[in-house]
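Thanks for coming. I will go through the ligand site and then one helix. Please have a look at the structure first.

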Amino acid sequence: MKKQFSYICISCGTEFPKWFGQCPNCNEWNVIVETDKKTTGYGSRDVVVVPLSEVEFDEVDRIKTCISEFDLVCGGGMVPGSIILIGGEPGIGKSTLALQISHSLHTLYVAGEESPVQIRSRATRLGLNIDSIYISSNTQVEEIIKLILSNKPECVIVDSIQTLFTSEIQGLIGSVGQIRESTAQLVAAAKKTGIPIIITGHITKDGAIAGPKILEHQVDTVLYFEGDFSKDFRILRAFKNRFGSVNEIGIFRMTGKGLIEVKDKNSIFLDSYYSSPGSAISAALEGTRTILFEVQSLVSFSSFPNPRRMADGLDLNRLILMIAVLEKHGSLKLNSFDVFINVAGGFQINETSSDLAIAMSIASSLKEIPITQDIGFLGEISLSGEIRPVSQCLRRINEFNRSGFKEIIISKNDSKEALHRFEGEVIGVKNISEALDYLF
Ligand code: TYD
Ligand code: MG
């Protein structure tokens, strides 16, 4: 008899024929759970081969919502018949975002978590047009699909996928099998009707809760809603998108009147407009956007034999590497100092182009000499202390221009190109000691 997969890792989504304590794929512990046998959901397809050129297609119009940041992250609006998953930690604002999206379209809102009264009161408080929203508390997926077919809304919101269930298979509401089968049925319904369906799903930071992680391959677009609970801004990030770029981000502020789109994005990640020791500014590329952000360091004398290194917003290993390069090639003595580093506003650095800003912010804090806030840094640092060029340098330079920066310090190899584009002074440096000599 053919073997049936009946265990799944809720962290990485890999399926296994038997149970393991540790996932052989992602090495996480206690993440393998039993799931119902694989169900159809997708339906069988005809076995025919056609030339790709004969496949009919229409250049579809995207469905725009009233939230342009959301449209941008989706790749220019929702594609008809697509399934969009908005994942995020509980309380981050998924339901608020979904409700705000829904009011500009004729929407069927499937409320599995909150009562219609709660949603009505929230919508009224947010000043939304409630006439276009139709609400259902029924969370049986077959019933929802019937409602979709009879109501023909422009958009469907399912809040959240963890509350849906199907009578097709056994298993508790919220179990892996139920979530996957419910999603499969929604996918089929979206494709059949051409109506986009937005589903929300709870996830913890490490992805340990069954839900979004195991759905990533089933849906067309996965957006993660992130942010620091202590701060009011939120980032919507495209993690997977069959219809657009995956690096795109949308920025919001959570206010008493719901989520507000942030247009002046630099206002969030540039903390102080005055110079203080330990702060340096660089530019990151996020999809089609360029964002300026501030790296802040605190270098203080350590009373421990092993000084501490802490990084918030960047990889700790990158920080340790920068410290080693500064010691070896910049002649800075950091081995008796604790080094704490933070990226303002909760921004996450994923590129090496901000190495120079990181290194200079550490040096600035150690020497207690501030770097003026109208200097921008761009450069990757190699193990030999060399400052390397960065990708798409001109896009980053444009952003420095727009924000009125007076000076940029970049790799010598990038400086020729930058001279033509940057409106202020361009300082090209070959290695880390040249940069330190120039600044301090
Ligand atoms: P919610 O959208 O319910 O989060 P999720 O669906 O991701 O669990 O948002 C809940 C949080 O947002 C809650 O802590 C209160 C806050 N909030 C505001 O600050 N302002 C608002 O106008 C709304 C609706 C929510
Ligand atoms: Mg919610």
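Which helices and which strand each supply at least two residues of the shell around ligand 1? They are helix H2 (94–102), helix H3 (116–125) and strand E11 (249–255). Helices (H or I, at least four residues) and strands (E, at least two) are DSSP runs, numbered from the N terminus.

Before the details, the ground rules. This is a predicted model, where local features need pLDDT of at least 70 and side-chain atom pairs count only at pLDDT 80 or more, while totals for chains, interfaces and linings use all residues. Residues are numbered from 1 along each chain as its sequence is written, chains are lettered from A and ligands numbered from 1 in the order written, and side-chain values use heavy atoms, without hydrogens and water.

Back to the ligand. It is surrounded by 16 residues (a heavy atom within 4 Å), and Gly 91, Lys 94, Ser 95, Thr 96 and Thr 255 are the closest. H2 gives the largest share of the shell, three residues.

Now the polar contacts, meaning pairs of N or O atoms within 3.5 Å. A polar side-chain atom of Thr 96 is 2.6 Å from a ligand 1 oxygen. Polar backbone atoms of Lys 94, at 2.8 Å, and Gly 256, at 3.3 Å, also face ligand oxygens. Of the 550 Å² of accessible area that ligand 1 has on its own (Shrake-Rupley, 1.4 Å probe), the protein covers 73%.

Last, helix H5, residues 176–193. Of its 18 residues, 14 are buried (under 20% relative accessible area, 1.4 Å probe, protein chains only), so H5 is largely enclosed by the rest of the structure. Gly 194 follows H5, with a positive phi near 75°.

Definitions and conventions. A polar contact is a pair of N or O atoms within 3.5 Å; within protein, one must be able to donate a hydrogen and the other to accept it, and residues adjacent in sequence count only if both atoms are side-chain atoms. Buried means under 20% relative accessible area, exposed over 50%, partly exposed in between (1.4 Å probe, protein chains only).
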